[in-house]
Amino acid sequence: MLSYRPGSTFAHRLDPRSKLLVQFGLAIAAVAHPTLPWLVGTTAFALGALAAARLSPLAVLRSYRVVLAVLALAPVVAGVALGPPWFRVEPALRSALYVGRILPVLLVSAAYLTSTPVRDTRAAVQRLVPGKPGRILGAGMALVVRLFPLVLADVREVRDAIHARGGEARPLWDRARLLAVRALERTLDRSDRLAVALRARCFAWNPTLPPLAFERRDYPVLAVGIALALSPLVPT
């Protein structure tokens with residue numbers, strides 16, 4: 001599961017605001033240019049981001065395997081025809097090109113998640129979005145980043161429990177129903193416990209966040225993020 005790992009890589013030493021800008025710029029650039037050369041270029045850039053965080057591309061792809069499996073269905077569905085020849089290659093390739101633009105965004109997000117503490121992310125969001133909206137957005141992102149791995153762990157535990165009780169013999173729809181209901185119950189219970197814990201600890205909307213400061217190494221990264229964000233304005 002992708003989560004923050006302490007380290008001293010180049011990605012760890014960057015200010016979270018510059019990393020957020022690069023993610024934002026790459027997402028715009030990837031969506032704005034649906035061409036194969038641009039897809040190759042953005043994917044190569046994302047692999048460079050993984051190298052900066054010292055992450056294995058294969059390990060990251062394995063972490064995203066469920067998302068990638070769902071995305072892989074899109075070209076298959078796009079190519080299916082309701083008559084001869086039953087499967088059309090051109091729509092499938094076009095759909096694969098559009099879906100492929102999501103891959104570099106996922107890879108760069110993985111580099112960010114593993115190299116940035118949650119508190120730094122919250123501090124960066126609250127500085128980029130001033131006022132109450134920034135505090136709400138920062139607290140929301142911090143809670144999502146912390147809770148999402150726990151929700152996934154709950155789903156895996158429910159799935160393993162179903163298998164341990166001979167659930168393979170049940171119909172697929174029955175297993176899916178059990179998994180969805182039990183996982184939702186656990187998520188709601190965890191949410192209730194979180195609400196109680198926040199009240200018990202006097203949750204503050206404006207806590208003392210870690211100081212952030214740009215270093216010399218952040219400025220080239222900022223320039224790359226701005227260039228990526230403005231790339232749709234460049235005629236191709």
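**Exercise 1. Work out whether Glu-90 is buried or exposed.**

Start with the number: Glu-90 has a relative accessible area of 60%. Now the cut-offs: buried means under 20% relative accessible area, exposed over 50%, and partly exposed in between (1.4 Å probe, protein chains only). So Glu-90 counts as exposed, given its 60%. As for its place, Glu-90 sits in helix H6 (residues 89-100). Helices here are DSSP runs of H or I with at least four residues, strands are runs of E with at least two, and both are numbered from the N terminus. One more step: Gly-79 is 11 residues away from Glu-90 along the chain, and their C-alpha atoms are 7.4 Å apart.

A word on the ground rules before going on. This is a predicted model, where local features need pLDDT of at least 70 and side-chain atom pairs count only at pLDDT 80 or more, while totals for chains, interfaces and linings use all residues. Residues are numbered from 1 along each chain as its sequence is written, and side-chain values use heavy atoms, with hydrogens and water left out.

**Exercise 2. Find how confident the predictor is, and where confidence is lowest and highest.**

The score to use is pLDDT, the predictor's confidence in each residue, from 0 to 100. Over the protein chain it averages 86, and 98% of the residues reach 70 or more. Next, go element by element: helix H9 (residues 131-164) has the lowest confidence, with a mean of 82, and helix H1 (residues 10-13) the highest, at 93. Keep in mind that where pLDDT is low, the predicted coordinates should not be read in detail.

**Exercise 3. Describe the overall build of the protein chain.**

Count the elements: there are 11 helices and zero strands. For the dimensions, the C-alpha atoms fill a box of roughly 60 × 55 × 30 Å along the principal axes. Then look at burial: 33% of the 236 residues count as buried. Finish with contacts, meaning heavy atoms within 4.5 Å. Among those with a separation of 6 or more, 76% come from residues 24 or more positions apart.

**Exercise 4. Check the length of helix H7 and how covered it is.**

Helix H7 covers residues 102-115, 14 in number, and reaches 20 Å from its first C-alpha to its last. The expected span is 1.5 Å times one less than the number of residues. For H7 that comes to 20 Å, and the model is close to it. On to cover: 10 of the 14 residues in H7 are buried, so the helix is mostly covered. Among the buried ones are Pro-104, Leu-106, Val-108 and Tyr-112. Ile-102, also in H7, is partly exposed, with a relative accessible area of 35%. The C-alpha atoms of Ile-102 and Val-196 are 37 Å apart, with their positions 94 residues apart along the chain.

**Exercise 5. Place Arg-54 and Phe-148, and classify each by accessibility.**

Take Arg-54 to begin with: it lies in the loop between helix H3 (36-52) and helix H4 (57-63). Its relative accessibility is 67%, so Arg-54 counts as exposed. Check the backbone too: Arg-54 has a positive phi of about 55°, although it is not a glycine.

Now Phe-148, which is found in helix H9. At 45% relative accessibility, Phe-148 is partly exposed. Ser-95 is 53 residues from Phe-148 along the chain, and 29 Å separates their C-alpha atoms.
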